[in-house]
Amino acid sequence: MVDAMTECPSCHVAVTTSEQFCEACGAELNPTVAAPVPAPTEVTTKEMPVPDDLSGTASTCQACGGEVSTDGYCGTCGARAPTLRDHFTEQPATWVAAVSDRGIRHTRNEDAMALAADSEPGSRAVLVVCDGVSNSIDSDVASLAAARAARDVLGSSRSRGIGTTSSLVGAVIARLEAATDAASEAVLEVTKKAKTVATIGNPASCTFVAAVVEQDLLVIGSVGDSRAYWLPDEGTAIALTVDDSFAQEQISSGVPRAEAETGPQSHAITRWLGVDAPDHTPRTVTMTLAEPGWLLLCSDGLWNYCSAAQDLAVLVQKTSSISKAATEPVTLAGALVDWAIAQGGQDNITVALARIHPAAPRSTPRGSTRDG
């Protein structure tokens, strides 16, 4: 079905009835037709390491397939090639993957992610997502440095305490706190290297969310408003993180979520990583994984359009049912990024997924949420 046409109430440019934001002026629209979920693209499930340097450009032109010259432009059609950072994928194992994209509105991708995983599905994995604060200097550099520093700490340690469940939980939480310290130090180092007057009042900063999977144990740590969700194949989906944001403060005081998350300064965060951060100790939560489902970490570029856990679970189920390929983490992550772009792509978008498929029938909380 072809969408009907209407016009933007702000600038009067022609738009379709399914668009949520005007492409010309960025004004929010009120779509009368739901935007379709894009068909997922077939992606190979082999390991996909991310280059150390993402500032370069792709070697093949996305417009015509020609070779990109050293000046960053296609030698055949002349189109400017996007940087590798504009859209990149990481897949350390077949059951864990992430996709990050610049979106439509922003001129650069300030999101970042870093992953690690053992090859055996459901065994051990680390997922980290950081979202650079757009009005801070070098936020794109800071977010990538933070994500990789945290991943390296979490991936290099395999302490399991003294063998009991409680000691394992304590050991993983300690790892997460150490990883957050490392991420914070990485952001501070970016500010130190910048040494510009502009950074004095606007130093590099980013959000942080990390997940550690140790067989049936899941531990999450977060600072800011990047999120983690547990989306079981059956049953109730769960938001595993609580935002450090002005919107969350409003929600806690009784303002409806939809109103709080779309109001003035709704994305103003109250905690972050950076030299001017009030506190970067992560909030942590643990749970036992005992049923099939998806662990999903994302930046607000996704949850802007689908915030509630159960709504996100429905979106994931609908997207993954399109084809067999969409049940693969790397393909599903890409499809969710494409969906967010179809909604308007107003922010950078990062989606990280781990497919959990234990034999036991249900998930149960392992402990309590702990504020750092």
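This report describes an antiparallel sheet, a hairpin and a buried aspartate in a predicted model.

## The open sheet

An open sheet is built from 6 strands, arranged in the order β3-β4-β15-β14-β10-β11 with antiparallel pairing. At its edges stand β3 (87-93) and β11 (238-239), each of which pairs on one side only. Strands of a sheet pair through backbone hydrogen bonds.

Within this sheet, β4 (residues 96-101) and β15 (residues 349-356) run antiparallel and are joined by 6 bridges. Across this pairing, S100 stands opposite T350 in β15. Helix α7 (residues 309-320) lies across β10 (227-232), β11 and β14 (293-298), and runs at about 60° to β10.

## The β5-β6 hairpin

Strand β5 (residues 111-117) is mostly covered, with 6 of its 7 residues buried. The strand is joined by 7 bridges to β6 (residues 124-131), and the two run antiparallel. In this pairing A114 stands opposite V128 in β6.

Together β5 and β6 form a hairpin with 6 residues between them. In the turn, G122 has a positive phi of about 80°.

## The surroundings of D111

D111 is found in strand β5. The residue is buried yet has no salt bridge. R85 is the nearest side chain of opposite charge, and lies 7.2 Å away; a salt bridge would require the charged atoms to be within 4 Å.

The side chain of D111 does reach the backbone nitrogen of I349, at 3.4 Å. Leaving aside residues up to four places away in sequence, D111 touches R85, S100, C130, D131, S143, S299, N348, I349 and T350. Among these contacts are S100 and T350, the two residues that stand opposite each other in the pairing of β4 with β15.

Key. Residues are numbered from 1 along each chain as its sequence is written. This is a predicted model: local features need pLDDT of at least 70, side-chain atom pairs count only at pLDDT 80 or more; totals for chains, interfaces and linings use all residues. Side-chain values use heavy atoms; hydrogens and water are left out. Two strands pair if DSSP finds at least two bridges between them. Helices (H or I, at least four residues) and strands (E, at least two) are DSSP runs, numbered from the N terminus. Contact means heavy atoms within 4.5 Å. Axes are lines fitted to C-alpha atoms, for helices over the stretch in contact, and angles run from 0 to 180 degrees between N-to-C directions. Buried means under 20% relative accessible area, exposed over 50%, partly exposed in between (1.4 Å probe, protein chains only). Lys and Arg count as positive and Asp and Glu as negative; His and the chain ends are not counted. A polar contact is a pair of N or O atoms within 3.5 Å; within protein, one must be able to donate a hydrogen and the other to accept it, and residues adjacent in sequence count only if both atoms are side-chain atoms.
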